[in-house]
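Work through the exercises below with the sequence and the model side by side. Try each task before you read its solution.

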Amino acid sequence: MLPDIPRDRQLGILRKMLMIRRAEEHVIRFNEDYEGLLRGHFHVYIGQEATGVGACEALKPDDYVFSTHRNHGHVIAKGGDPGKVLAEIIGRETGYCSGRAGTFHVAAPDLKIIHTSAIVGGCLALAAGTALASQVQETSTVSVVFFGDGAMEEGVFYEALNIAKLWDLPLIFLMENNYRRAGRSGSSHSAKELANVARALDVETTIVDGDDVGAVYKATTELVRRTRAGEGPLFLEAQTHPWPGNESTHPKLVAGTTDIKWAWDAGAVPENVRSWYADGDPVLRFARELVSGGAARREDIEQLDTAVREQADAAARFALESPLPDPKDAVKFAYAGRGN
Amino acid sequence: MPQEMTIGEALVGAVGEALEHDRRVVLIGGGLVSSGPGQAAFARLRQKFAKRMKSPPIAELGYCGIAAGAAMAGLRPLVDIGTATFSYEAIPQIVNEAAIAYSNSGGQTNVPVTYFMRYGIRGGGGVQHSGSPQSWYWNTPGLQLAMPASPADAKGLLRTALLRSQDPTIFFAHERLMNERGVVPDGEYEIPFGQAEVKREGRDVTIIATGVQVPRALRAAEILSKEGVSAEVVDPRTVQPLDKTALLASVKKTGRALVTDESHDNCGVAAGLAAIIADEGFTSLRAPVKRVSIPPVPVPYAVPLEDFVTPTVERIVEVARALVKDR
């Protein structure tokens, strides 16, 4: 659905979704085209853009966001610079974390993404901690923690949820159900509906179509309003559909670069992945919604995509041309204080 | 006027001052002391600062992570985990999140959290309540380790952790030392991390001792002095950062080193300190560096078994005697 916001913000949402797609297409090309540039395996957010962008659109700049191993999209969704994201992914000094974090742990403290864990449930308790800080400092800031369905297999999920509820913390648990677990399909959980786990702790839950950016924006806006008002933690499940290129530890551009024209010409999509792009792709879906809702013409959207691609290309060049960290600085950030 | 008090009272005093001075200080967990006069003092604090005292459920993993996150967002939390072995439940959040965030962010995210825990062989704690995880945490870059052995050091070091530090600190108080008495200087003061103190001067052998081993080493030095052996006792006070200069200077003076800590022999704190002395102080040494710590067995319950594995005054004396016999 089209989010109920001014047209320029609607187009801003599409711009961010496209930027995530274009930036991550570069990440995959870094792996495919440059031997040894990406040192190990990596994960991308392609196919989940609607959830990250829709949710972050509902936040204020000072609100905390926590992410996962699939963080590139969340950082861009919170307003991140794609050049600094790509530079971090390939370990450059100009990256968000000066090359210390790499693809798994991109943090952007100036965007209030203060730490990123690649342990699937690693940030759940930390997010309850930033929410506690907001409560103690009596600010109106809220925290949102993104995590996948797999994180609900870890014990820290239960402990963080329980304490957040006991202490009425201003926190949204935003579970991105991508029905994918470390190469297997679906998480291993005895609960048939994962939201029931949160319900058992008396945390109110909402389930939303995670491919529908307008629906995610609407749901998050309402939940953020309520937790900001002191209603305690709330749980949002965004249901998404795994992108077919993401089936291995090294994602592949199974359909090549996404062509924005596929939004109106499904027949042009390579046949093996046609159903995902025609029905499941949240970016193309929103492009169609903007056109059918009268917010933009096809050519407006194609122009926007061209502009985003140019920006993403420039970001990739910036990353590739950026210097690597100085080996003498390898132990520089062990301690803020004297350390040793 | 300087006052005599227990370590427990000194710790509670430091917490009270920190809560008073800095609104960012919050306490998550118990009351630091489980017995003695510190308990009443803590009960008064809990009333006065109720809003900044959080009593979590039995969820070490959850609340240790919450404290780390709160620290990242600008608070200065003190977490009382209670018995040090309970922190094993929270290792993922302490070791794999709190300790790494500053480094991972390229120096942007500070985590000024203090994890307080009572460690060591308390007497009858058995295999799960006698733990000494200081060597685990020392093997975790990003964490600081404070191990005070006197009320004065306990107060000064805890104030530094709560009010000055920008990095996560594991604060070890030995269960058997909580009611140890000593004189605490008047007024507010902090002891910077990374400053060892020579607790007793000597010429013949250096005893480097941490935490509960400091009073044991001082008693050992007393016994040795009656035998004509002059032992110097050096307390690093913080294992990380470590005042290597002071340790090496003492070894240079005496030419012999005994290192004692109440963690296990294998990769323990004593082993780590011994390695530094062997590596960087080899030319000062007239005898091999010796360790007095816990043999590699889970700490057993029955009295004679527990006594056997404890690094006692007698074991320190015995090893020191052997070290100086060719003097």
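## Exercise 1: The seven-strand sheet

In chain B, seven strands make an open sheet in the order 3-2-4-5-7-6-12, and the pairing is mixed. Strands here are DSSP runs of E with at least two residues, helices are runs of H or I with at least four, and both are numbered from the N terminus. Two strands pair if DSSP finds at least two bridges between them.

This is a predicted model: local features need pLDDT of at least 70, side-chain atom pairs count only at pLDDT 80 or more, and totals for chains, interfaces and linings use all residues. Residues are numbered from 1 along each chain as its sequence is written, while chains are lettered from A and ligands numbered from 1 in the order in which they are written.

**Task.** Find the edge strands of this sheet, then a helix that packs on the sheet.

**Solution.**
1. Strand 3 (53–54) and strand 12 (238–240) of chain B are the edge strands; each pairs on one side only.
2. Look at strand 6 and strand 7 of chain B. They pair in the parallel sense over three bridges. B:A146 has B:F171 in strand 7 as its bridge partner.
3. Helix 1 (residues 7–21) of chain B packs on the sheet. Helix 1 touches strand 2 (25–29), strand 4 (76–83) and strand 7 of chain B. Its direction makes about 135° with that of strand 2. Axes are lines fitted to C-alpha atoms, for helices over the stretch in contact, and angles run from 0 to 180 degrees between N-to-C directions. Contact means that C-beta atoms, placed from the backbone, lie within 7 Å.

## Exercise 2: The five-strand sheet

**Task.** Trace the open sheet of five strands in chain B and say why one side of each edge strand has no neighbour.

**Solution.**
1. The order is 9-11-10-13-14, with mixed pairing.
2. Strand 9 (197–200) and strand 14 (290–294) of chain B stand at the edges. Each has a single partner strand, so one side of each lacks a neighbour in the sheet.
3. From one strand to the next, the twist averages 25°.
4. Strand 9 and strand 11 (residues 231–235) of chain B pair in the antiparallel sense over three bridges. B:V198 is bridged to B:V234 in strand 11.
5. Helix 8 (residues 213–226) of chain B packs on the sheet and touches strand 9, strand 10 (205–209), strand 11 and strand 13 (257–264). Its direction makes about 170° with that of strand 11.

## Exercise 3: Two domains

**Task.** Describe how domain 1 and domain 2 of chain B meet.

**Solution.**
1. Domain 1 covers 3–184 and domain 2 covers 197–324. These bounds come from an automatic or database domain assignment.
2. Their centres, taken over C-alpha atoms, are 25 Å apart.
3. The contact takes 25 residues from domain 1 and 22 residues from domain 2.
4. On the domain 1 side, helix 6 (134–138), strand 6 (144–146), helix 7 (151–164) and strand 7 (169–174) of chain B give two or more residues.

## Exercise 4: Two chains

**Task.** Which helix of chain A gives the most residues to the side that touches chain B?

**Solution.**
1. The contact takes 39 residues from chain A and 43 residues from chain B.
2. Helix 5 (124–137) and helix 6 (155–166) of chain A each supply at least two residues of the chain A side.
3. Helix 5 of chain A gives the most, with 10 residues.
4. For the complex, the predictor gives an ipTM of 0.96 and a pTM of 0.97.
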